[in-house]
Amino acid sequence: MNEVITSTIQTPAKGLQELWGWFDVSQDDRARVSGLMPLAEQNIEAVLQEFYSREGGYDHPGGEARPHGMQEVRDEQRRHLLELFEAGLDQKYYKDRKRAGLFNESYGISPSFYLGLYTFAINRICDLVRESADNEAEALETEKALRKTAACHQAMTIEAFSAARSDAIEQRERQLSELPTPVLRLQAGLLLVPVVGVLDSHRSRFLTMQILDAIRDQNARAVVLDITGVAAVDSMVANHLIQTMTATRLMGAHSVLTGISAEVAQSLVKIGVTGEALNPAGDLERGVETARKLLER
């Protein structure tokens with residue numbers, strides 16, 4: 001149960017059954033929704049056309065430019081809307097919802113735009129149900145079934161979208177953490193190490209080895225480590241920075257840390273890191289100036 005609450009999309013066999021239950025979707029509801037498939041197929045194109053042609057209906061999807069991008073988005077949205085009327089409880093339905101979430105994330109389609117389209121489409125289908133019904137009570141029950149099923153359908157897609165977004169962010173951070181860090185020689189005995197991107201534990205350890213090797217190979221006596229391009233530093237990375245600065249001093253070189261942002265400074269204070277441990281010098285210019293003065297001693 002806890003696994004399902006945490007992430008329904010990860011456990012399709014059990015998760016789908018319980019998810020339908022959370023939204024109070026019964027077998028009868030699913031049968032009513034499935035019975036609307038012919039009505040939906042006949043009208044889905046007109047519904048989409050109305051959504052996009054009205055004022056405020058078009059929200060230029062972002063993401064990378066692709067050939068025929070907008071038409072591809074509309075084709076996918078047509079398919080996603082029709083999948084609602086399958087009201088499935090199998091692997092195919094689960095995979096379809098996951099694919100819809102991945103598609104929205106990859107095309108930069110916001111959850112608000114997605115929900116706006118679905119709400120518009122469901123309202124129009126409900127209008128058609130009432131207009132074509134011979135029995136008002138039956139039409140009302142079918143409308144209730146459709147709205148409950150649609151809410152569940154949307155929740156699954158949003159969850160898949162969220163998971164895909166998290167994966168994409170992690171991938172970009174991983175790529176940034178793998179960026180090489182140059183060790184630049186500013187003058188005899190003085191090195192500059194500009195760090196850009198994510199500074200995680202793995203990269204911090206590698207960076208330490210780079211700096212120590214450069215100190216030995218170039219007989220450096222001062223190192224400026226600039227972290228202007230680093231957005232966040234956690235406690236583990238802060239400890240690695242302190243160890244790097246300490247190891248640098250043990251190699252007989254001075255070390256200066258520059259480019260600490262306000263956010264990083266606050267994080268360092270919270271975990272008890274002091275200025276003495278890192279020898280900070282504000283921006284890069286002041287750091288280089290400080291390092292040169294240290295060389296003159």
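## A buried threonine

T142 is buried, with a relative accessible area of 12%. That value is under 20%, so T142 counts as buried. The model is predicted. T142 sits in helix 8.

What does the side chain of T142 make a polar contact with? The partner is the side chain of R32, at 3.1 Å. Leaving aside neighbours within four places in sequence, T142 is in contact with R32, L36 and V129. R32 therefore appears both as the polar partner of T142 and among the residues in contact with T142, a residue that is buried.

## The chain as a whole

The chain has 13 helices and four strands. It holds 297 residues, and 43% of them count as buried.

Some contacts in the chain join residues at least 6 apart in sequence. Among these, 74% join residues at least 24 apart.

## Two nonpolar cores

In soluble globular proteins, nonpolar side chains tend to be buried together. Here, the largest nonpolar core has 33 residues. Which residues have the most contacts inside this core? They are F85 and L146. Four helices each supply at least two residues of this core: helix 4 (37-53), helix 5, helix 7 (111-132) and helix 8 (136-177). The largest share comes from helix 7, with ten residues.

L146 shows what such a core residue touches. Not counting residues up to four places away in sequence, L146 touches V33, L36, L84, F85, I122, I125 and C126. F85 is thus on the list for L146. L36 is on that list too, and L36 is also in contact with T142. There is a second, separate core of 26 residues. Its members include A220, I227, L257 and V264.

## A buried arginine

R78 lies in helix 5, which covers residues 69-83. Is R78 buried or exposed? R78 is buried, because its relative accessible area is 19% and the cut-off for buried is under 20%.

The side chain of R78 makes two polar contacts listed here with other side chains. One joins R78 to the side chain of E45, at 2.6 Å. Another, of 3.0 Å, joins the side chains of R78 and D75. Not counting residues up to four places away in sequence, R78 touches I44, E45 and L48.

## Two enclosed cavities

How many cavities of 30 Å³ or more does a search of the whole structure find? The search finds two. The largest cavity holds about 30 Å³ of space. Its lining is made of Q77, H80, N104, I109, Y114, L117 and Y118. Helix 5 and helix 7 each supply at least two residues of this lining. Helix 7 gives the largest share, three residues. By class, the lining has four nonpolar, three polar and no charged residues.

The second largest cavity has a volume of about 30 Å³. I211, V223, L225, T244, M245, T248 and S255 line this cavity. Strand 3 (222-229) and helix 10 (235-250) each supply at least two of these lining residues. The largest share, three residues, comes from helix 10. By class, this lining has four nonpolar, three polar and no charged residues.

## The largest pocket and G229

The largest pocket has a volume of about 170 Å³. Which residues line this pocket? They are E173, G197, V198, L199, D200, G229, V230, A231, A232, V233, D234 and V237. By class, seven of the lining residues are nonpolar, two are polar and three are charged.

G229 is one of the lining residues. G229 belongs to strand 3. It is partly exposed, with a relative accessible area of 36%. Leaving aside neighbours within four places in sequence, G229 is in contact with V195, V196 and G197. G197 also lines the largest pocket. L199 is another lining residue. The C-alpha atoms of G229 and L199 are separated by 9.6 Å, and the two residues are 30 residues apart along the chain.

Definitions and conventions
Residues numbered from 1 in each chain as written. Predicted model: local features only at pLDDT ≥ 70, side-chain atom pairs only at ≥ 80, totals over all residues. Heavy atoms only, no water. Buried < 20%, exposed > 50% of the residue type's maximum accessible area, 1.4 Å probe, protein only. Polar contact = N/O pair within 3.5 Å; in protein donor to acceptor, adjacent residues only side chain to side chain. Contact = heavy atoms within 4.5 Å. 1 Å grid on protein atoms, 1.4 Å probe; cavity = no way out; pocket = protein on both sides within 12 Å on 5 of 7 lines; lining within 4 Å. Points joined across faces, edges and corners; volume = space filled by probe spheres on them. Nonpolar A, V, L, I, M, F, W, Y, C, P; charged D, E, K, R; others polar. Core = buried A, V, L, I, M, F, W, Y, C linked by side-chain atoms within 4.5 Å.
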